[in-house]
Amino acid sequence: MNRIDCDVVILGSGLGGSLLAMVLHRLGRRVVMMDRCVHPRFTIGESSTPIADMLLARVCRRYALPEIAPLAAYGATRRAHPELSIGLKRGFSYFGHTPGQAFQVHPDHRNELLVAASTNAETADSHWLRRDIDAFLAQQARSMGVDLIENMQVRRITKTSRWTIQGQSGHQEVECHCRFVVDATGPAGTLLAALGIAKQPDGLKTHSRSLYAHFEGVTSWDELLETWGAGRQDHPYPCDRAALHHVLDQAWMWQLTFDSGVMSAGFVISGPAASRPHPPDAKGAWDSFLSTYPSLKQQFLDARIVAPAAGVVATDRLQYLAERAAGEGWICLPLSAGFIDPLHSTGIAHTFSVVWRLAHLFESQWNTPAWSSSILALGEAMRAEIRFLDRLVAGCYRTMPDFSAFSAFSMLYFVAAIRFESRLGTAGLEGMDDQFLCADDALVKGMVSRVEEEVRQLQASGFSRDPIRRFVNRVREAIRPLNSVGLMDANTRNMYHHTAPVDKLRIG
Ligand SMILES: Cc1cc2nc3c(=O)[nH]c(=O)nc-3n(C[C@H](O)[C@H](O)[C@H](O)COP(=O)(O)OP(=O)(O)OC[C@H]3O[C@@H](n4cnc5c(N)ncnc54)[C@H](O)[C@@H]3O)c2cc1C
């Protein structure tokens, strides 16, 4: 029997759990992490963003984690950790498709949207092969002195004055006593399940499920555009050195290309197809989606799956939200508390934003009377942020029938992200009160409500030409008070060369 006594148990050693474990260790807490898997292991969710990088840089600076700090920029990661598999992410690229038709090339880029998040590769964001990054972070935590128990089957979690966590790792029984538990187990929500706290999709507007895998041999989209004679000279960056989104009929596909040539690709499916039963043959469902879009089919002609070993993963509905995300002596990280959709890659940034706020609480309020209420407040903030993300994503799905309407609605995400980046830039190493993506900012909330009403009118009009033009103009008007970087300026023709309001690595 392995009996352990500690301050904090973190269930789950994904990127959120490991980063938090290192911070708490630096703050002098005795931390134990437990994971049901053994690193390295396959996991999904690989695209970083300026907000994720800014938060990571701040956490690393404040809590003295110099080995991790290079991950906040592509160039620094390449130099410091060439052994890690990453990919260059210069921004967000979107291409609109029509079912049954090849991708239409237009000189005015009317079915393209490229939003640069950096001006060069050195300071760019990255795609992170999570197998490598998570194993690296877990190993760093271990080498600092954090106990990591892998292959751990948690059987029982009980609480009296302290928590008791019982389980088994290999042949060894484990019993751990601690004061505080963090649920960083992602969708499994292991602690929530033990506490009987329900996770429901009820009330969430987004309804999607996903098919995904990692591939080799996929033809680069940039190369295909070249063969079709598309004008790429005004693209702010090679369009597939980015989080590339193919916008489809009530669905979209992500493509994240690693420097090794491996591509993480996935369909996210909404509308009636999302409510149909789980496909018995995930690869068949994948192929049937590809067949509907001839240009994507062309892109994947020579592709083969390299991970996971079992082939294409088919998920059930992605959305859930826990009834509570924190309580007396415990809290969730965001992926345990709820999830909406991979659109715009908000997951890792949200996780780091909670790690950042939680770190400040451990630093300033552990062992103080304010602790419990602050933890509860952070849990409620997290839930509000997930509901806000739901609104930003659901509107994108509702406008997918027309690419210009979709692009216009997507601007709400960029406006909120840019405002949050500015706030982070001025907050420096001190904490900040803003919710993730300024979900609690009256101006931001007002903008979203106003545009949601416009979406209802657009849907009622059946997406005809004049209402679409009117919708786009009204979104332009709605974002105007917050639009600090010239989004929706007609002269840009959907090509944004510079949207960063601050240097993401300038701290303090
Ligand atoms: C389809 C999809 C695509 C996504 N794409 C992106 C993207 O491009 N960009 C982005 O920012 N975000 C993306 N996300 C979200 C992203 O995956 C999460 O934000 C991120 O993984 C959160 O990290 P985490 O460490 O909290 O959880 P996870 O990475 O899920 O780690 C959870 C850990 O808990 C362990 N665990 C599970 N059950 C137990 C148990 N019972 N006991 C002990 N350990 C357990 C697991 O083994 C794992 O190691 C995506 C999500 C999905 C579903």
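This note goes through the overall build of the protein and then looks at one residue, S270.

1. The structure is a predicted model, and the protein in it has 15 helices together with 24 strands.

2. As to overall dimensions, the C-alpha atoms of the protein fill a box of roughly 65 × 45 × 45 Å when this is taken along the principal axes. A compact globule of 508 residues would have a radius of gyration near 23 Å, and because the protein has 22 Å, its value agrees with that expectation.

3. Turning to the interior and the contacts, 59% of the 508 residues in the protein are buried. Of the contacts between residues at least 6 apart in sequence, 74% join residues that are at least 24 apart.

4. On the surface, the accessible area of the protein comes to about 19,200 Å², and carbon and sulfur atoms account for 49% of this. The protein carries 52 positive and 52 negative charges, and the mean positions of these two sets are 3 Å apart.

5. Where in the fold does S270 lie? The residue is found in the loop that runs between strand 17 (263-269) and helix 7 (272-275). S270 has a relative accessibility of 12% and therefore counts as buried, since the cut-off for that class is under 20%.

6. Which residues surround S270, once its neighbours within four places in sequence are left aside? S270 is in contact with H207, S208, Q250, A251 and Y397. With H207 there is also a polar contact to record, in which the side chain of S270 reaches the backbone oxygen of H207 at 2.9 Å.

Definitions and conventions. Residues numbered from 1 in each chain as written. Predicted model: local features only at pLDDT ≥ 70, side-chain atom pairs only at ≥ 80, totals over all residues. Heavy atoms only, no water. Helix = DSSP H or I, 4+ residues; strand = E, 2+ residues; numbered from the N terminus. Rg over C-alpha atoms; globule rule 2.2 N^0.38 Å. Buried < 20%, exposed > 50% of the residue type's maximum accessible area, 1.4 Å probe, protein only. Contact = heavy atoms within 4.5 Å. Areas by Shrake-Rupley, 256 points an atom, 1.4 Å probe, with all protein chains shown as cover. Lys, Arg positive; Asp, Glu negative; His and termini not counted. Charge placed at Lys NZ, Arg CZ, Asp CG, Glu CD. Polar contact = N/O pair within 3.5 Å; in protein donor to acceptor, adjacent residues only side chain to side chain.
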